[in-house]
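Trainee: I should like to learn how to read a protein model step by step. May we work through one together?

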Amino acid sequence: IDSLYTRSYGEFLFKHYIDKLIKPNYLITAPALNWELVNAEKTVGIAAKILKEFEGATLTAIDIETKPVRVTEEFAKTPMAFGMVAKHLTSRKTDPVEYLMQVITCVGFCGLFKDADGNVTSRAVVIPYEGEENYKLIKALCATSTPKVLQNGKYDIIHLTTNNIAIENYRFD
(Lines give C-alpha, C1' and ligand atoms only; values in the text may rest on other atoms or scores of the structure.)
Protein backbone atom coordinates (compact mmCIF):
# COMPACT_ATOMS: atom_id res chain seq x y z
CA ILE A 1 0.00 0.00 0.00
CA ASP A 2 2.82 2.43 0.79
CA SER A 3 3.96 2.13 -2.87
CA LEU A 4 0.79 3.99 -3.84
CA TYR A 5 2.36 7.11 -2.36
CA THR A 6 6.10 6.47 -2.52
CA ARG A 7 6.60 5.14 -6.07
CA SER A 8 5.73 6.78 -9.38
CA TYR A 9 4.34 3.47 -10.65
CA GLY A 10 2.49 2.60 -7.41
CA GLU A 11 -0.96 3.57 -8.64
CA PHE A 12 -0.50 1.63 -11.89
CA LEU A 13 0.56 -1.54 -10.04
CA PHE A 14 -2.26 -1.22 -7.52
CA LYS A 15 -4.87 -0.96 -10.29
CA HIS A 16 -3.23 -3.83 -12.16
CA TYR A 17 -3.37 -6.17 -9.16
CA ILE A 18 -6.98 -5.22 -8.37
CA ASP A 19 -8.03 -5.77 -12.00
CA LYS A 20 -6.54 -9.27 -11.87
CA LEU A 21 -8.84 -10.05 -8.93
CA ILE A 22 -12.11 -8.44 -10.03
CA LYS A 23 -11.99 -8.90 -13.84
CA PRO A 24 -11.71 -12.61 -14.70
CA ASN A 25 -10.87 -11.97 -18.37
CA TYR A 26 -8.33 -9.23 -17.66
CA LEU A 27 -5.31 -11.33 -18.54
CA ILE A 28 -4.96 -13.45 -21.65
CA THR A 29 -4.59 -17.13 -20.84
CA ALA A 30 -1.92 -18.87 -22.86
CA PRO A 31 -3.18 -21.83 -24.89
CA ALA A 32 -1.93 -25.31 -24.06
CA LEU A 33 1.41 -26.03 -25.69
CA ASN A 34 1.20 -29.03 -28.02
CA TRP A 35 4.48 -30.09 -29.58
CA GLU A 36 6.00 -32.98 -31.44
CA LEU A 37 9.35 -34.10 -32.74
CA VAL A 38 9.13 -34.08 -36.55
CA ASN A 39 11.58 -35.91 -38.77
CA ALA A 40 10.83 -35.30 -42.45
CA GLU A 41 13.57 -37.80 -43.28
CA LYS A 42 11.50 -40.63 -41.81
CA THR A 43 7.88 -39.55 -42.42
CA VAL A 44 6.80 -39.18 -46.04
CA GLY A 45 4.53 -36.20 -46.71
CA ILE A 46 4.87 -34.65 -43.23
CA ALA A 47 6.83 -31.64 -44.52
CA ALA A 48 4.08 -30.50 -46.91
CA LYS A 49 1.42 -30.93 -44.21
CA ILE A 50 3.35 -28.92 -41.61
CA LEU A 51 4.30 -26.20 -44.08
CA LYS A 52 0.67 -25.74 -45.15
CA GLU A 53 -0.45 -25.59 -41.52
CA PHE A 54 2.18 -23.01 -40.49
CA GLU A 55 1.45 -20.81 -43.50
CA GLY A 56 -1.93 -20.18 -41.82
CA ALA A 57 -0.44 -19.14 -38.47
CA THR A 58 -1.03 -15.67 -37.05
CA LEU A 59 2.48 -15.63 -35.61
CA THR A 60 5.39 -18.08 -35.59
CA ALA A 61 8.08 -18.28 -32.93
CA ILE A 62 11.45 -19.73 -33.93
CA ASP A 63 14.24 -21.01 -31.70
CA ILE A 64 17.40 -22.94 -32.47
CA GLU A 65 19.44 -25.16 -30.20
CA THR A 66 23.20 -25.44 -30.63
CA LYS A 67 26.05 -27.44 -29.18
CA PRO A 68 29.80 -26.83 -29.22
CA VAL A 69 32.07 -28.99 -31.37
CA ARG A 70 35.86 -28.93 -31.45
CA VAL A 71 37.49 -27.44 -34.52
CA THR A 72 41.09 -27.16 -35.62
CA GLU A 73 43.10 -24.01 -35.04
CA GLU A 74 43.52 -23.65 -38.81
CA PHE A 75 39.75 -23.71 -39.39
CA ALA A 76 39.21 -21.20 -36.57
CA LYS A 77 41.30 -18.66 -38.51
CA THR A 78 39.31 -18.96 -41.76
CA PRO A 79 36.64 -16.44 -42.83
CA MET A 80 34.03 -19.22 -42.68
CA ALA A 81 34.55 -19.52 -38.92
CA PHE A 82 34.47 -15.77 -38.26
CA GLY A 83 32.08 -15.02 -35.43
CA MET A 84 31.20 -18.67 -34.96
CA VAL A 85 34.23 -19.92 -33.04
CA ALA A 86 34.84 -19.19 -29.39
CA LYS A 87 38.28 -19.61 -27.81
CA HIS A 88 38.32 -21.24 -24.40
CA LEU A 89 41.45 -21.37 -22.27
CA THR A 90 42.17 -24.77 -20.87
CA SER A 91 44.41 -25.89 -18.04
CA ARG A 92 46.36 -28.32 -20.26
CA LYS A 93 49.90 -27.17 -20.92
CA THR A 94 50.10 -28.95 -24.28
CA ASP A 95 46.97 -27.28 -25.70
CA PRO A 96 46.50 -23.85 -24.10
CA VAL A 97 43.58 -22.90 -26.37
CA GLU A 98 40.68 -25.09 -27.36
CA TYR A 99 38.58 -23.96 -30.32
CA LEU A 100 34.87 -24.63 -30.14
CA MET A 101 32.22 -23.90 -32.76
CA GLN A 102 28.50 -23.82 -32.05
CA VAL A 103 26.51 -25.94 -34.50
CA ILE A 104 22.72 -26.22 -34.82
CA THR A 105 21.25 -29.42 -33.38
CA CYS A 106 17.54 -28.69 -33.90
CA VAL A 107 15.11 -25.90 -34.76
CA GLY A 108 11.78 -25.36 -33.04
CA PHE A 109 8.75 -23.60 -34.50
CA CYS A 110 5.65 -22.65 -32.52
CA GLY A 111 2.68 -21.38 -34.50
CA LEU A 112 -0.10 -19.32 -32.94
CA PHE A 113 -3.47 -19.89 -34.62
CA LYS A 114 -6.68 -17.88 -34.25
CA ASP A 115 -10.02 -19.18 -35.49
CA ALA A 116 -13.06 -17.19 -36.66
CA ASP A 117 -14.48 -17.09 -33.11
CA GLY A 118 -11.26 -15.61 -31.72
CA ASN A 119 -10.10 -18.80 -30.01
CA VAL A 120 -6.33 -19.14 -29.88
CA THR A 121 -4.41 -22.40 -30.17
CA SER A 122 -0.76 -23.24 -30.69
CA ARG A 123 1.27 -25.99 -32.25
CA ALA A 124 4.99 -26.55 -31.89
CA VAL A 125 7.31 -28.76 -33.86
CA VAL A 126 10.94 -29.54 -33.20
CA ILE A 127 12.96 -30.56 -36.25
CA PRO A 128 16.39 -32.20 -35.90
CA TYR A 129 19.06 -30.41 -37.92
CA GLU A 130 20.11 -33.46 -39.87
CA GLY A 131 19.30 -34.69 -43.35
CA GLU A 132 18.25 -32.91 -46.53
CA GLU A 133 14.47 -33.18 -46.02
CA ASN A 134 14.66 -31.70 -42.51
CA TYR A 135 16.90 -28.90 -43.83
CA LYS A 136 14.41 -28.11 -46.62
CA LEU A 137 11.50 -28.05 -44.15
CA ILE A 138 13.36 -25.72 -41.75
CA LYS A 139 14.25 -23.42 -44.64
CA ALA A 140 10.65 -23.41 -45.95
CA LEU A 141 9.16 -22.68 -42.51
CA CYS A 142 11.56 -19.76 -42.04
CA ALA A 143 10.54 -18.44 -45.49
CA THR A 144 6.77 -18.25 -44.83
CA SER A 145 5.23 -14.78 -44.84
CA THR A 146 3.87 -15.28 -41.31
CA PRO A 147 5.26 -12.69 -38.84
CA LYS A 148 8.11 -14.24 -36.84
CA VAL A 149 9.22 -13.75 -33.26
CA LEU A 150 12.55 -14.82 -31.77
CA GLN A 151 14.23 -14.45 -28.40
CA ASN A 152 17.70 -12.95 -28.84
CA GLY A 153 17.17 -13.33 -32.57
CA LYS A 154 20.63 -12.15 -33.53
CA TYR A 155 22.07 -15.45 -32.26
CA ASP A 156 19.60 -17.57 -34.24
CA ILE A 157 19.97 -15.41 -37.35
CA ILE A 158 23.77 -15.71 -37.33
CA HIS A 159 23.59 -19.50 -37.24
CA LEU A 160 20.74 -19.83 -39.72
CA THR A 161 22.29 -17.37 -42.18
CA THR A 162 25.59 -19.23 -41.98
CA ASN A 163 23.61 -22.28 -43.08
CA ASN A 164 21.94 -20.39 -45.97
CA ILE A 165 18.57 -20.03 -44.21
CA ALA A 166 16.88 -16.63 -44.17
CA ILE A 167 14.01 -15.66 -41.88
CA GLU A 168 11.23 -13.83 -43.72
CA ASN A 169 9.09 -11.27 -41.91
CA TYR A 170 11.11 -11.16 -38.69
CA ARG A 171 9.05 -8.71 -36.62
CA PHE A 172 9.52 -9.22 -32.91
CA ASP A 173 12.30 -10.08 -30.48
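Mentor: The questions below go from the whole chain to single residues. Please keep in mind that this is a predicted model.

Trainee: How many helices and strands does the protein have, and in which pattern do they follow along the sequence?

Mentor: The secondary structure comes to 6 helices and 7 strands. Read along the sequence, these elements give the pattern α-α-β-α-β-α-β-β-β-α-β-α-β.

Trainee: What share of the residues counts as buried?

Mentor: A residue counts as buried when its relative accessible area is under 20%. The protein has 173 residues, and the share that meets this condition is 28%.

Trainee: Which side of helix H3 holds buried residues, and which residues are exposed on the other side?

Mentor: Helix H3 spans residues 46-55, and Ile46, Ile50 and Phe54 are buried there. Because these residues cover an arc of only 55 degrees around the axis, they lie on the same side of H3. An α-helix has 3.6 residues a turn, so residues three or four places apart point the same way. On the other side of H3, the exposed residues are Ala48, Lys49 and Lys52.

Trainee: Is Phe109 buried or exposed?

Mentor: Phe109 is placed in strand S4, which covers residues 97-114. The limit for a buried residue is under 20% relative accessible area. Because Phe109 has 1% relative accessibility, the term that applies to Phe109 is buried.

Trainee: Which residue of helix H3 does Phe109 touch?

Mentor: Leaving out residues up to four places away in sequence, Phe109 touches several residues, including Ala61, Ile62, Val125 and Leu141. Another of the residues touched by Phe109 is Phe54. Helix H3 consists of residues 46-55, so the residue asked for is Phe54.

Trainee: How far apart in space are Phe109 and Ala124?

Mentor: Ala124 is among the residues that Phe109 touches. The two are 15 residues apart in sequence. From C-alpha to C-alpha, the distance between Phe109 and Ala124 is 5.4 Å.

Trainee: Which helix gives the most to the nonpolar surface patch?

Mentor: The patch, of about 740 Å², is made by Ile1, Tyr5, Phe14, Ile18, Leu21 and Ile22. With residues 10-22 and a contribution of 4 residues, the helix that gives the most is H2.

Trainee: How accessible is Ile18?

Mentor: Ile18 lies in helix H2 and belongs to the nonpolar patch. Partly exposed residues fall between the 20% and 50% limits. Ile18 is therefore partly exposed, with a relative accessible area of 33%.

Definitions and conventions
Residues are numbered from 1 along each chain as its sequence is written. This is a predicted model: local features need pLDDT of at least 70, side-chain atom pairs count only at pLDDT 80 or more; totals for chains, interfaces and linings use all residues. Side-chain values use heavy atoms; hydrogens and water are left out. Patches are made of residues with over 30% relative accessible area and no salt bridge: like charges are joined within 9 Å, nonpolar side chains (Val, Leu, Ile, Met, Phe, Trp, Tyr) within 5 Å. Accessible areas come from the Shrake-Rupley method with a 1.4 Å probe; for residues, only the protein chains shown count as cover. A salt bridge is a side-chain nitrogen of Lys or Arg within 4 Å of a carboxyl oxygen of Asp or Glu. Helices (H or I, at least four residues) and strands (E, at least two) are DSSP runs, numbered from the N terminus. Buried means under 20% relative accessible area, exposed over 50%, partly exposed in between (1.4 Å probe, protein chains only). Contact means heavy atoms within 4.5 Å. The arc is that of the directions from the helix axis to the C-beta atoms.
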